[in-house]
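Hi,

Here is the structure I said I would pass on. Have a look at it first, and then read on for what turned up in it.

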Amino acid sequence: MLDWVRYACVGCLCVSTAALAEVSEIIDYTYYELDEAGASQPLKEQLDAATPILRDGRKLHGDTRWNLDWSFSTEALEDKTCKISDIDINLDALIRLPELGYEDAERQAEFNRYAEALQRHQIGHYIIAIQAANKIDVRLTYMEPAESCEVARTQAEAMAVAIEKEHREKEIAFDKQTRFGAEQGVSFADPKAAPDGASPQGDAAQLED
């Protein structure tokens, strides 16, 4: 299986030709393998042993990392004010997930259910990153001219930094809201076995990010 898969989207949002706005998105997937040596272990224990992902002393079964870069120019206007132009936004994301490296029909079914839910949760993190990129693009595109180009640059940079920080905080809220994906099925409990109105829970619900 390929170690990574890359998808790219260039010019995904172009809200104003005047500012020549462009958003470029790249997402990579990497996988760590569960090998046959641990096949006799419960899936959770096998994932805990195999995962290379650690954060704050916790083992994680999935992970999303993203980096957001932006650049822009300034353009002096006839009335001596200055506006932002030539906006370029670049989003680079990496999602890490497990894969089953051996054949076992029963384990494969259990793994598939868990891994699909885990990926769905990670995509939620990536969507928040896309929202950050698009918001920066829109705000910079429609930013009012400033009294000077130095002021315009300072204001634009501060705005972009604040938007990125806002969406980093949204990721934290997303994990709390979904209980680290448990509400999306990131759990080792059997969903069919959960009582009506109850959410399936498992130790793994607190491990994903």
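Let's start with a small puzzle: which residue forms a salt bridge with E166, the closest N and O atoms being 3.6 Å apart? That would be K170. Keep in mind while you look that this is a predicted model. K170 and E166 are 4 residues apart in helix α3, so about one helical turn separates them.

E166 has another partner too: K135 makes a salt bridge with E166, and here the closest N and O atoms are 3.1 Å apart. This pair links distant parts of the chain, since K135 sits in helix α2 (residues 105-141) and E166 in helix α3, 31 residues apart. As for how open these side chains are, K135 is partly exposed at 24% relative accessibility, E166 is partly exposed at 27%, and K170 is partly exposed at 36%.

Now for the strands. Strand β6 (residues 82-100) runs parallel to strand β2 (residues 22-34), and 13 bridges join them. If you want one spot to click on, I26 has D92 in β6 as its bridge partner. Strand β5 (residues 63-76) pairs with β6 as well, this time in the antiparallel sense, over 13 bridges. β5 and β6 make a hairpin with 5 residues between them, and K80 in that turn has a positive phi of about 80°. A76 stands opposite C82 in β6.

C82 is worth a second look. The whole structure has 1 disulfide, and C82 forms it with C149, with the sulfur atoms 2.0 Å apart. C82 lies in strand β6 and C149 in helix α3 (residues 149-178), so the disulfide ties together parts that are 67 residues apart in sequence. The torsion about the S-S bond is about 90°, so this disulfide is right-handed. Is each cysteine buried or partly exposed? C82 counts as buried because its relative accessibility is 1%, and buried means under 20%. C149, at 22%, is partly exposed.

Back to salt bridges: the count comes to 11. One of them joins the side chains of R96 and D63, at 3.0 Å from N to O. R96 is in strand β6 and D63 in strand β5, so the pair ties together parts 33 residues apart in sequence. D63 is buried at 0% relative accessibility, whereas R96 is partly exposed at 26%. R96 and D63 also belong to a network of salt bridges that links R55, D63, R65 and R96.

Have fun exploring!

Definitions and conventions. Residues are numbered from 1 along each chain as its sequence is written. This is a predicted model: local features need pLDDT of at least 70, side-chain atom pairs count only at pLDDT 80 or more; totals for chains, interfaces and linings use all residues. Side-chain values use heavy atoms; hydrogens and water are left out. Two strands pair if DSSP finds at least two bridges between them. Helices (H or I, at least four residues) and strands (E, at least two) are DSSP runs, numbered from the N terminus. A disulfide is a pair of cysteine sulfur atoms within 2.5 Å. Buried means under 20% relative accessible area, exposed over 50%, partly exposed in between (1.4 Å probe, protein chains only). A salt bridge is a side-chain nitrogen of Lys or Arg within 4 Å of a carboxyl oxygen of Asp or Glu.
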